[in-house]
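User: Could you take a close look at the packing between the chains here, and then walk me through the surroundings? I'd like to know how far to trust it, too.

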Amino acid sequence: MKVIEITDYCKRYDGVAAVEGVTLKVEYGELFGLIGPDGAGKTTLLRAICTLLTPDEGKILVMGKDVTQSIMDIRSLVGYMPQRFSLYQDLSVEQNLRFFADLFGVTEGKRERRLLQLFEFSRLAPFKKRKAGELSGGMKQKLSLSCALIHTPEILVLDEPTYGVDPISRQEFWEILRSIQKEKTTILVSTAYMDEADLCDRVALMHQGKITMVGTPEKIKASFHYHLYRLEGKDVRFLRDFFQKLPSVRSTQLFGDTVHVSFCKKPALSDWKNWQRDSRGNLKRWASQPPSMEDVFMESTEKER
Amino acid sequence: MPEISVKTENLVRNFGSFVAVNQVNIEVYQKEIFGFLGANGAGKTTMIRMLCGLLKPSSGKATVGGLDVYRQSEQIKRSIGYMSQKFSLYEDLTVEENINFYGGIYDLNQKRIQKKRDEIFFSLGMGDYARTLTYDLPLGFKQRLALGCALLHDPRILFLDEPTSGVDPKARRDFWEIIHQTVALGTTIFVTTHFMEEAEYCHRVFIMDAGKIIALDTPTKLKNRYKKKSMQEVFVTLVEKQQEKKTNPMPDSNDKMS
């Protein structure tokens with residue numbers, strides 16, 4: 001049995017499709033990433049899995065149960081951390097946790113132990129009495145996560161948990177997710193940061209309401225069809241303009257002090273020598289550049305267009 | 001030598017006993033894309049506010065486009081542009097109306113506004129959206145419009161605050177392409193971001209922690225120096241090193257944090 005099984009799911013708002021014909025399976029115990037820019041339909045899909053939206057078409061099963069039928073069962077199986085901080089700002093850290101424990105009917109016997117566990121991994125114990133509204137961004141995010149985990153759900157659904165969080169807190173947050181996964185929790189997480197795809201076991205790339213690719217990050221990156229090189233030289237703008245004109249070049253991208261050039265055909269050493277000469281000595285170094293998830297994402301959306 | 005656009009010497013800003021910016025020295029050149037990175041509370045915002053003429057330093061020197069931050073803050077405000085990810089556009093105005101409105105704020109005459117409007121429509125590919133409500137624009141185009149408005153008065157220095165987080169990769173690359181064109185015309189760009197993929201687009205990056213500079217170099221050199229593949233990894237490594245120094249000032253001291 002799949003933990004989450006989505007078949008041909010469609011959702012429209014005022015006739016505009018937010019999610020269009022998505023079919024996706026999430027396996028037991030995996031850390032699955034839903035990767036896409038703002039407006040791709042990630043939140044709609046996650047809310048539907050959490051029984052918060054009904055489908056216009058298609059079907060979603062969570063642990064074999066239909067999200068339109070077994071609403072209460074599914075809510076007890078799933079922990080959901082929404083995109084916006086939705087805790088009570090004027091309650092303390094501990095009060096928020098106890099409130100969520102009440103909501104989810106966590107029994108007295110289990111409660112204290114669970115609180116201890118959650119304080120341990122979140123390292124929020126020293127801030128127990130602090131009001132949620134007075135926490136830093138990273139701490140708020142850990143409190144939201146703790147509240148989503150209060151009833152020890154089998155599935156954890158997180159909607160852009162690292163949005164706007166600084167890189168250090170972001171890294172710490174992913175480490176926490178890994179430790180939760182080790183306790184046999186299945187995790188579905190969405191993000192607009194393409195580089196976070198590498199931290200997942202499997203990912204789905206989402207664009208304009210559709211899934212364009214699914215697989216492990218390695219496999220997805222290996223599917224890149226072009227030959228990407230990183231070029232360094234005296235005047236990178238000149239280099240970019242030079243390579244952009246070549247017929248074998250598919251695209252170029254100017255970064256700070258380098259240019260990325262993707263070729264349709266792998267260039268030979270003689271090609272490089274010629275280019276070095278023809279670019280009037282501007283080309284200093286070149287090296288094969290592994291494609292990033294962003295490169296692959298762009299390719300997958302171009303095919304669609 | 002390229003012309004210096006922003007320069008600080010021993011710049012300090014205190015809030016009570018807290019030192020937000022501690023003896024910072026930087027030189028940013030004209031036509032440079034200068035990235036400004038740091039964790040929350042590192043002092044980035046304080047630094048930017050001083051350079052925008054919004055906050056007086058406690059001590060030290062700073063000039064922005066040759067203007068002194070102590071004495072010429074009003075002129076500085078007129079000579080810089082600012083664009084944030086949290087768009088400052090009016091969503092219930094059309095694209096055209098937003099441009100007219102910002103043109104008015106910057107005190108441009110009608111002729112100049114019209115010229116700028118045509119430029120934005122043409123060079124940013126926004127002509128089809130002239131009468132569209134800003135609210136209804138795709139995110140990538142909102143971003144372009146925000147950029148267009150921030151450049152209306154031809155600022156010498158443009159501050160970008162996390163300009164492309166969340167937009168799709170195509171829109172992000174298009175955006176940086178426009179930034180590179182803007183730079184070629186002589187503008188200096190200051191980027192602050194949490195989003196390390198944006199740091200890769202900068203000519204040089206400046207990493208701050210606890211009010212001090214902990215690194216200042218090109219992304220390629222930093223990645224080579226720390227043998228890392230991405231700026232994300234460089235950043236995490238550097239900041240963690242700083243934190244180790246703080247929690248373990250001496251090898252055998254007790255770790256009070258745990």
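Here is one long look that starts at a helix contact and works outwards.

Analyst: Bear in mind from the start that this is a predicted model, so confidence will come up again below.

Let's go straight to the contact. Two packed helices are described by the angle between their axes and the distance between the axes. Here the pair is helix α6 of chain A, residues 167-182, and helix α9 of chain B, residues 231-247. Their axes come within 9 Å, with a crossing angle of roughly 95 degrees. Because 65 to 115 degrees counts as roughly perpendicular, α6(A) is roughly perpendicular to α9(B).

Which residues do the touching? On the α6(A) side they are A:P167, A:I168, A:R170 and A:Q171. Facing them from α9(B) are B:Q232, B:F235, B:V236, B:V239 and B:E240. By type, that contact has five nonpolar residues, two polar ones and two charged ones. The nonpolar set is A:P167 and A:I168 from α6(A), plus B:F235, B:V236 and B:V239 from α9(B). A:R170 and B:E240 are the charged ones, while A:Q171 and B:Q232 are polar.

Now zoom out to chain A. Its 305 residues are 52% buried, and it contains ten helices and 14 strands. Along the principal axes, its C-alpha atoms fill a box of roughly 75 × 45 × 35 Å. Take the contacts with a separation of 6 or more: 68% of them join residues 24 or more positions apart.

The domain assignment splits chain A into domain 1, covering 4-222, and domain 2, covering 227-304. Over C-alpha atoms, the centres of these two domains are 38 Å apart. They do touch, with 15 residues of domain 1 and nine residues of domain 2 taking part. Helix α6(A), the one in our interchain contact, falls within the range of domain 1.

How confident is the predictor about chain A? The mean pLDDT is 93, and 99% of the residues score at least 70. Strand β3 (residues 31-35) comes out highest at 98, and helix α10 (residues 293-304) lowest at a mean of 84. Those two elements also sit in separate domains: β3 in domain 1 and α10 in domain 2.

One spot in chain A worth a click is the loop between β6 (78-81) and α3 (93-103), where A:Q89 is found. A:L91 lies in this loop as well. Are these two buried, partly exposed or exposed? A:Q89 has 39% relative accessibility, so it counts as partly exposed. A:L91 is at 25%, and because the buried class stops under 20%, A:L91 is partly exposed too. Leaving out residues up to four places away in sequence, A:Q89 touches A:K131, A:A132, A:G133 and A:K140. A:L91, counted likewise, is in contact with A:N96, A:R130, A:K131 and A:A132. That puts A:K131 and A:A132 in both contact lists. For a sense of scale, A:Q89 and A:R114 are 25 residues apart in sequence and 22 Å apart C-alpha to C-alpha. For A:L91 and A:R111, the figures are 20 residues and 18 Å.

If you like checking backbone geometry, look at strand β1 in each chain. In chain A this strand runs over residues 4-13 and holds A:D8, which has a positive phi of about 45 degrees without being a glycine. In chain B it runs over residues 4-15 and holds B:N10, a non-glycine that also has a positive phi of about 45 degrees. A:D8 is partly exposed at a relative accessible area of 45%, and B:N10 is partly exposed at 39%.

Staying with chain B, B:S73 belongs to helix α2, residues 73-79. Its relative accessibility is 12%, so B:S73 counts as buried. Beyond four places in sequence, B:S73 touches B:G53, B:K56 and B:D68.

Finally, the trust question for chain B. Its mean pLDDT is 89, with 94% of the residues reaching 70 or more. The stretch to flag is 251-258, where pLDDT stays under 50. The model has four contacts beyond four places in sequence for that stretch. It comes after α9(B) in the numbering, since that helix ends at residue 247.

How values were computed:
Residues are numbered from 1 along each chain as its sequence is written. Chains are lettered from A and ligands numbered from 1 in the order in which they are written. This is a predicted model: local features need pLDDT of at least 70, side-chain atom pairs count only at pLDDT 80 or more; totals for chains, interfaces and linings use all residues. Side-chain values use heavy atoms; hydrogens and water are left out. Axes are lines fitted to C-alpha atoms, for helices over the stretch in contact, and angles run from 0 to 180 degrees between N-to-C directions. Helices (H or I, at least four residues) and strands (E, at least two) are DSSP runs, numbered from the N terminus. Angles under 35 degrees count as roughly parallel, over 145 as roughly antiparallel, 65 to 115 as roughly perpendicular and the rest as oblique. Contact means heavy atoms within 4.5 Å. Buried means under 20% relative accessible area, exposed over 50%, partly exposed in between (1.4 Å probe, protein chains only). pLDDT is the predictor's confidence in each residue, from 0 to 100. Domain bounds come from an automatic or database domain assignment.
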